[in-house]
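I opened this entry to keep track of some strand pairing and some charged side-chain contacts. The notes follow the order in which I looked things up.

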Amino acid sequence: MRKAQAKGPREGVSSVVDDSVVLQLRALWRRYEHHCMQIDSCPSVVLKQDILQQIDKQEHLKKITLSFQDCGASDAILPSLQPLLMAIREERYTHAQEFHIWSLSLKETDIVELMQLVPEQGVFLGSQACCNSNQSFPCKQRNVCLVTSLTCLLLEKRGRTVYPFRSLELLDCRLTEWSLERLGRAAGISYLTKLCLDYTRMGQEGLKGLLSGGLGTSQICSLSLCYCGLGSWSGTLLASLLTNSSVRELYINGNELQCVGAIELLRTVADNSLKMAEVQNRTTSITGETELISQMPNMSPRKKKAKNKGKKKKKREKAKSGPGAAGGPWLEKLHMFDNSIDHSGKEGPNQLTRFLELLCILVKFSSHLTELDLGENHIGEDGGKVLLEALRERKAAKLSPIKIQVSTRMSTETFSAILKSAKELKSGKKRRKTKGKTK
């Protein structure tokens, strides 16, 4: 009988790693099911399918999605977030980088069961912070605050185990003002680079809490607040965030910023784009002068010194105007689909004209801008022509083309010319059938 061929060292290591992955995923699911049974919560079918799929692939689960499509409000057993958070912490599962939570409702008994099941060190502090605060919440809201505290404790870098989540999506989850502020504080000391709170209704105080809680000091570069009920008052708050944070992608589709809010949002971004363009023009001018000097014969030592000085100055200017510059806010992606930006506001056409002026400055001079979504904002034929001229000037300045979407409420010629001067943007964030803003 032929002896079985011995496995090489690499094959043996690979087999051990694969077995370890499978064991970790199975342990995570067993722990999750165990806690679901203990606190009388239904397990997520979506999460189970994802885990089983990764077990078949023998790969770590890097995207955790908690959704309960099969559970309704009339079910005797309602879903809960707590079993999953407890399972992740107890198993110390540190391989996931994305956390998606969709349309989650909570039971009133969750807070009682949670205090009995989770170690006192992480949970008691979170609940005490809520209950000892100056604000008073009803029982249901306090329950939401507690779960938010658990999520924040999971995201924060503090503690013995680090959970390096890069992306957090809370889609259509009810959050109180305290919860939003707590989430902002956690984001400030987390590894998050992307935060999505779509369909999370928030008023002025809720948005203030989120932005003042520590979001400005975070690493978040992509923020999505689509269909959150933001009004014209949010423009100033969002502009302040862009000025004092690393956010470079802003998605605010389906809100009510109108012209007034959009103007406040764009004012500082447009001004900074204009300043950066002026710096770039000075740099280009210095470069041209140094090249002319270098081509002149019999260059004197004084001119050589001037040439070298010009090169050094060029490097300094380039460093200041780069993507990491702290000279002011700038955006790569701005999605403002369906924000009631038209001429029907209280101030009439004048506000729309001012908005288009700021928008065109951004289009003509921002070298960072890559996407602009103005769909379902009716800027009209005149607005379309103004935008078209800005796109042509951008092209003449040899800046990279941007992806753009505009309303079709303009002549076919103008609409087609805009798409020819840019790239058509297909928005990935569409209004859900059962959700959306209330007109």
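**Entry 1: a strand and its partners**

I started at I101, which stands opposite L170 in β3. The model I am reading is predicted. I101 drew me to the pairing of β2, residues 98-102, with β3: the two strands run parallel and five bridges join them.

I then looked for the pairing of β3 with β4, residues 194-196. Three bridges connect β3 and β4, again in the parallel sense. Within that pairing I noted E169, whose bridge partner in β4 is C196. Following the chain from β3 to β4, I passed through helix α7, residues 177-188, and recorded a right-handed β-α-β crossover.

**Entry 2: burial of β3**

Is β3 buried or exposed? I found five of its five residues, 167-171, buried, so the strand is largely enclosed by the rest of the structure. I also checked the side-chain directions. S167, E169 and L171 point one way from β3, L168 and L170 point the other way, and all of them are buried. In a regular strand, side chains alternate between the two faces of the sheet.

**Entry 3: salt bridges within helices**

I counted the salt bridges next and got 10 in the structure. I looked at three of them within helices.

Returning to α7, I found E181 in a salt bridge with R185, with 4.0 Å between the closest N and O atoms. E181 and R185 are four residues apart in α7, so about one helical turn separates them. I have E181 as partly exposed at 30% relative accessible area, and R185 as partly exposed at 35%.

In helix α8, residues 204-212, I noted K208 and E205, three residues apart, about one turn of the helix. Their side chains meet in a salt bridge at 3.9 Å, N to O. K208 has a relative accessible area of 34% and is partly exposed; E205 is partly exposed too, at 46%.

The third pair, E357 and R354, forms a salt bridge at 3.2 Å, N to O. Both lie in helix α12, residues 349-365, and being three residues apart they are separated by about one helical turn. I logged E357 as partly exposed at 40% relative accessible area and R354 as partly exposed at 31%.

**Entry 4: a shared network**

Which residues are joined into one network by salt bridges that share partners? I wrote down R31, E90 and E91.

Conventions. Residues are numbered from 1 along each chain as its sequence is written. This is a predicted model: local features need pLDDT of at least 70, side-chain atom pairs count only at pLDDT 80 or more; totals for chains, interfaces and linings use all residues. Side-chain values use heavy atoms; hydrogens and water are left out. Buried means under 20% relative accessible area, exposed over 50%, partly exposed in between (1.4 Å probe, protein chains only). Two strands pair if DSSP finds at least two bridges between them. A crossover is right-handed if, with the strands pointing away from the viewer, the path from the first strand over the helix to the second runs clockwise.
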